[in-house]
Amino acid sequence: MTPLPTTTAPLLAVDDLVVEHRTPGRPSVRAVAGASLRVGPGEVVGLVGESGCGKSTLARAVCGLGPVSAGSITFEGEPVMPLGLRKRRHTGVQMVFQDPYTSLNPRRRVGDQIADGLRTAGDTATSPADLLERVGLPREFAGRHPHEFSGGQRQRVAIARALAARPRLLIGDEPISALDASAQAQVARLMRDLAVESGAGLLFISHDLSVVRLIADRVAVMYLGRIVEVGRTEEVWAEPRHPYTKALLAAIPHPDGMGVLPAELPGDVPDPAAPPAGCRFHPRCPLVMDRCREEDPAFGPVACWLHEPK
Ligand SMILES: Nc1ncnc2c1ncn2[C@@H]1O[C@H](COP(=O)(O)OP(=O)(O)OP(=O)(O)O)[C@@H](O)[C@H]1O
């Protein structure tokens with residue numbers, strides 16, 4: 001495929017985004033509580049943080065799949081409209097989920113499902129078999145059904161299907177966490193290579209920090225609905241600044257094999273329906289100061305009173 005035209009404008013701009021989940025009879029949950037993020041064309045941004053910190057909610061809002069309570073999301077300079085307010089599905093952003101069964105129809109041949117995306121994009125020059133080849137699968141697999149693939153192969157099919165629509169932004173929401181260790185880095189690298197070679201951006205959500213380090217140009221660290229640190233991957237790894245980032249990078253594997261637990265952090269992530277006053281991280285922070293209990297460090301690139309911009 002020919003590369004997409006490149007521009008210098010941010011492909012995706014998320015500013016002070018607030019997303020609240022409302023369930024009748026329950027307090028509303030502010031899953032995203034004022035998060036800002038940029039992804040440029042051809043750029044890979046890793047979004048990391050413990051389970052429940054709002055990563056999926058943010059990703060769904062970017063796709064126009066979630067409610068937006070405040071703030072803004074613009075894609076290629078245009079506001080992203082929630083589903084229902086839009087005339088048609090926008091295909092510029094495509095998402096790959098943890099479980100490809102969520103996005104693949106088990107009853108249809110994968111070639112037909114990939115062909116749907118090609119039709120939507122008006123691409124008559126590419127065949128489903130071409131896309132399977134690009135994701136490292138044999139062309140003849142187009143005639144198979146999703147259950148005939150291994151987990152890693154099925155995720156490759158989901159990636160091929162996402163690429164068929166020629167997205168300018170690809171979002172992977174934990175796309176490797178259901179795969180065995182040998183397939184994880186391969187699939188992550190594949191997503192990175194395919195996005196970069198076509199000039200698309202990639203927002204890669206994962207709790208596997210070693211894989212994020214491998215593929216991301218920049219990393220954004222999320223805690224309780226906020227991006228608490230953002231920076232170039234190598235710089236964040238060489239010198240993490242937010243105490244939460246430091247704890248995440250010193251993380252230990254979770255006993256049940258699901259992700260990681262930040263090292264040396266007391267307590268659990270607080271309930272987002274009742275977040276702590278001041279800095280949201282202060283009850284768990286080893287470096288907490290009086291100010292942190294009262295004042296919210298709502299600034300970037302490091303949302304911590306120890307790193308207040310001059
Ligand atoms: N539809 C919903 N209704 C109410 N609360 C929700 C809903 N979806 C998510 N939440 C809550 O919002 C918070 C953020 O959830 P989200 O799934 O975005 O986090 P996450 O960082 O992606 O976690 P994970 O890694 O486990 O997927 C959590 O407290 C979650 O329980």
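1. Helices and strands are taken here as DSSP runs, helices of at least four residues and strands of at least two, numbered from the N terminus. On that basis Glu 76 is found in the loop between β4 and β5, and the remarks below refer to a predicted model throughout. Phi of Glu 76 is near 50 degrees, which is a positive value in a residue other than glycine. Glu 76 counts as partly exposed because it has 17 C-beta neighbours inside 10 Å.

2. A second residue with a backbone of this kind deserves a look beside it. Glu 174, placed in the loop between β7 and α5, has a phi near 55 degrees, again positive in a residue other than glycine. Glu 174 is buried, because 20 other C-beta atoms lie within 10 Å, and 20 or more is the count required for that class. Most residues other than glycine have a negative phi, and most peptide bonds are trans. On the second of these matters, the peptide bond from Gly 300 to Pro 301 is cis, with omega near 0 degrees, and Pro 301 has its place in the segment after α9 (290-294).

3. As to the chain overall, the protein has nine helices and 12 strands, and 46% of its 310 residues count as buried. Among contacts between residues at least 6 apart in sequence, 64% join residues that are at least 24 apart.

4. The loop between β7 (169-173) and α5 (181-198) also holds Ala 178, for which one such pairing across the sequence can be checked directly. Ala 178 and Gln 98 are separated by 80 residues in sequence, yet their C-alpha atoms are 6.3 Å apart in space. When residues up to four places away in sequence are left out, Ala 178 touches Gln 98, Asp 99 and Gly 151. With 17 C-beta neighbours inside 10 Å, Ala 178 is therefore classed as partly exposed.

5. An open sheet of four strands is arranged in the order β2-β1-β4-β5, and its pairing is antiparallel. Because β2 and β5 (78-79) stand at the edges with a single partner strand each, one side of each is left without a neighbour in the sheet. At the β5 end, strand β4 (residues 70-75) is joined to β5 by two bridges, the two strands running antiparallel. Phe 75 stands opposite Glu 78 in β5, while Glu 76 lies in the loop between β4 and β5. Helix α1 lies across β1 (12-21), β2 and β4, and runs at about 115 degrees to β1.

6. The ligand is surrounded by 13 residues, of which the closest are His 21, Ala 31, Ser 51, Ser 56 and Thr 57. Two elements, β2 (29-39) and α1 (55-62), give two or more residues to this shell, and α1 gives the most, with three. By class, the shell divides into four nonpolar residues, eight polar and one charged. Both contributing elements, β2 and α1, return from the preceding point, where α1 was described as lying across β2 among other strands.

7. Strand β3 (residues 44-48) is mostly covered, with five of its five residues buried. In a regular strand the side chains alternate between the two faces of the sheet. For β3 both faces are covered, since the buried residues are Val 44, Gly 46 and Val 48 on one side, and Val 45 and Leu 47 on the other.

8. The pairing of β3 may be followed from one of its residues, Gly 46. Strand β8 (residues 201-205) pairs with β3 in the parallel sense over four bridges, and the bridge partner of Gly 46 in β8 is Phe 204. Strand β9 (residues 218-223) is likewise joined to β3 by four bridges and runs parallel to it, with Val 219 of β9 standing opposite Gly 46.

9. The last point concerns the interior. Nonpolar side chains in soluble globular proteins tend to be buried together. Here the largest nonpolar core has 89 residues, among which Val 62, Ile 159, Leu 169, Met 191, Leu 203 and Val 221 touch the most other members. Which residues does Met 191 touch, not counting those up to four places away in sequence? The contacts of Met 191 are Ile 159, Leu 170, Gly 172, Pro 175, Leu 202 and Phe 204; Phe 204 is also the β8 residue that is the bridge partner of Gly 46.

Conventions. Residues numbered from 1 in each chain as written. Predicted model: local features only at pLDDT ≥ 70, side-chain atom pairs only at ≥ 80, totals over all residues. Core = buried A, V, L, I, M, F, W, Y, C linked by C-beta atoms within 7 Å. Buried ≥ 20, exposed ≤ 12 C-beta atoms within 10 Å, placed from the backbone. Contact = placed C-beta atoms within 7 Å. Near = placed C-beta within 6 Å. Nonpolar A, V, L, I, M, F, W, Y, C, P; charged D, E, K, R; others polar. Pairing = 2+ DSSP bridges. Axes fitted to C-alpha atoms, helices over the stretch in contact; angles between N-to-C directions.
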